[in-house]
Amino acid sequence: MSPCPSPKSCDTFVVLPDLTKGGHVVFGKNSDRPREEVQEVIYRQSMDHEEGSKLQCTYIEIDQVGHTHAVILSKPSWMWGAEMGANEHGVCVGNEAVWTKLQSDEDIVERLLGMDLVRLALERSSTAEMAVDVITSLLEKHGQGGPCSDEDPSFVYHNSFLIADHNESWILETAGNHWAAEQVKSGYRNISNALSIGTKIDKMSEGLKELAQEKGWWDGTGDFNFSEAFSSSGDSSGGRKECGEKLLARLSEGGDFTLTQMFEILRDKESGICRGIDHDHPTAGSMVSVISHGSGRPSCHWFTGTPDPQRSVFKPFIFTDNVKISPRIQSPKIPDDEDPAKVIPRFAKQVNRTHLLYRRQQAATKDGGSIVETLRDLERKCVQETEACLQNFDPERLSEMDDLFKDCVDSELKFYK
């Protein structure tokens with residue numbers, strides 16, 4: 001199978017505590033997906049599961065674990081997995097499409113999608129390093145594969161992941177069932193549509209170096225470079241990774257990088273990081289998280305749930321014991337949100353998966369205009385109020401955040417009437 005001829009995925013970013021205001025971790029991701037695919041935001045509470053129970057992912061069934069953590073996810077409405085999300089322990093994960101020398105016709109076989117691995121990592125991990133171990137163990141046991149679009153059965157790829165918690169970040173990059181991981185404890189990092197791990201490898205799959213030698217991709221001398229050995233081409237991200245690095249460097253230079261500066265990066269259209277609805281793979285949804293390092297302040301996760309962050313509003317979500325999630329940013333169940341395999345036919349545009357916020361936002365912002373500035377003012381006010389509330393947060397008042405995300409979705413909808 002030949003590599004995908006053009007980059008069709010996304011960008012994920014993290015800035016670590018030494019460069020952020022308040023010493024928090026700031027995580028951000030744009031999810032670029034096939035045009036008109038709908039992305040929804042869903043919440044799943046923590047749960048205990050019976051021993052021996054099974055879990056239906058997008059294509060295959062796997063063993064369930066005894067306990068899953070509460071998660072907030074931004075996901076293509078047709079699949080079980082998620083493009084990005086966070087869990088109650090402050091772990092955030094986003095994935096990217098990459099194309100490697102191990103690409104083959106076997107990639108079309110339905111296994112675990114990279115998006116399934118994102119969700120599984122969030123449901124099963126309490127730290128970033130644990131998420132690496134969850135993903136890699138599942139990858140080695142079940143493999144990755146299957147169409148990554150419900151309209152184009154030929155759209156397949158391998159995956160890379162940026163994983164963060166309140167303390168550090170990990171880059172995990174895969175090639176078939178093989179993988180390499182790099183720990184990042186300071187500064188900033190971003191990934192796009194190309195393998196990026198070089199000689200700094202902190203974990204790797206068994207036999208990785210031997211495979212590279214066997215294939216003639218590494219001569220066995222000098223330091224082993226993962227991306228040089230397994231990349232199918234050069235920079236298949238179209239230069240977006242380099243542009244993202246420059247934006248991160250400039251905006252974090254003073255050591256006080258903020259939430260809104262991550263918004264700025266995700267809204268950068270000149271670099272191609274942000275893609276409008278006229279693109280064949282527009283930015284379908286965006287996420288920014290400020291992962292708290294403690295002191296009673298909860299982490300706060302911001303989602304758009306709608307295409308093109310330049311025309312969308314970031315809305316805050318905080319994990320609470322009785323959190324509410326708006327049904328107006330969730331797609332209709334067709335026929336069962338928990339069993340995507342029942343959606344037949346899978347590769348046909350015959351169902352309307354749009355949620356109310358998607359429809360209203362698309363109609364209102366179609367021609368741009370003053371509504372976009374009004375929305376930006378709404379967002380600025382929301383950021384100011386949320387940050388002020390979190391500045392001297394009283395954990396005893398956490399329940400007051402139960403309706404935060406739901407209320408913000410409702411407020412946005414009022415502007416579209």
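**Two helix pairs in a predicted model**

Helices α1 and α2 lie oblique to each other, and they make a good place to start in this predicted model. Helix α1 covers residues 114–124 and helix α2 covers residues 128–142; their axes cross at roughly 130 degrees and come within 9 Å. Angles over 145 degrees would count as roughly antiparallel, and 65 to 115 as roughly perpendicular, so this pair falls into the oblique class. The crossing of α1 and α2 is right-handed. On the α1 side you will find L117, L120, A121 and R124, while α2 brings M130, A131, V134, I135 and L138 to the contact. Sorted by class, that makes eight nonpolar residues, one charged and no polar.

Stay with α2 for a moment. With 15 residues at 1.5 Å each, α2 should span 21 Å, and its end C-alpha atoms are indeed 21 Å apart, so the two values agree. Its buried residues are A128, A131, V132, V134, I135, T136, L138 and L139. These pack against α1 and against the strands β6 (61–63), β11 (158–164), β12 (169–175) and β13 (178–184). Just past the end of α2, look for G143, whose phi is positive at about 75 degrees.

Now move along the chain to a second pair. Helix α6 (residues 259–266) packs with helix α8 (residues 370–391) at an angle of about 150 degrees, and their axes are 11 Å apart. That angle makes α6 roughly antiparallel to α8. Here L259, T260 and F263 of α6 meet E379, V383 and E387 of α8. This contact between α6 and α8 divides into three nonpolar, one polar and two charged residues.

Technical notes:
Residues numbered from 1 in each chain as written. Predicted model: local features only at pLDDT ≥ 70, side-chain atom pairs only at ≥ 80, totals over all residues. Heavy atoms only, no water. Axes fitted to C-alpha atoms, helices over the stretch in contact; angles between N-to-C directions. Helix = DSSP H or I, 4+ residues; strand = E, 2+ residues; numbered from the N terminus. Parallel < 35°, antiparallel > 145°, perpendicular 65-115°, else oblique. Contact = heavy atoms within 4.5 Å. Nonpolar A, V, L, I, M, F, W, Y, C, P; charged D, E, K, R; others polar. Left-handed = near helix turned anticlockwise from the far one by under 90°. Expected span 1.5 Å × (residues − 1). Buried < 20%, exposed > 50% of the residue type's maximum accessible area, 1.4 Å probe, protein only.
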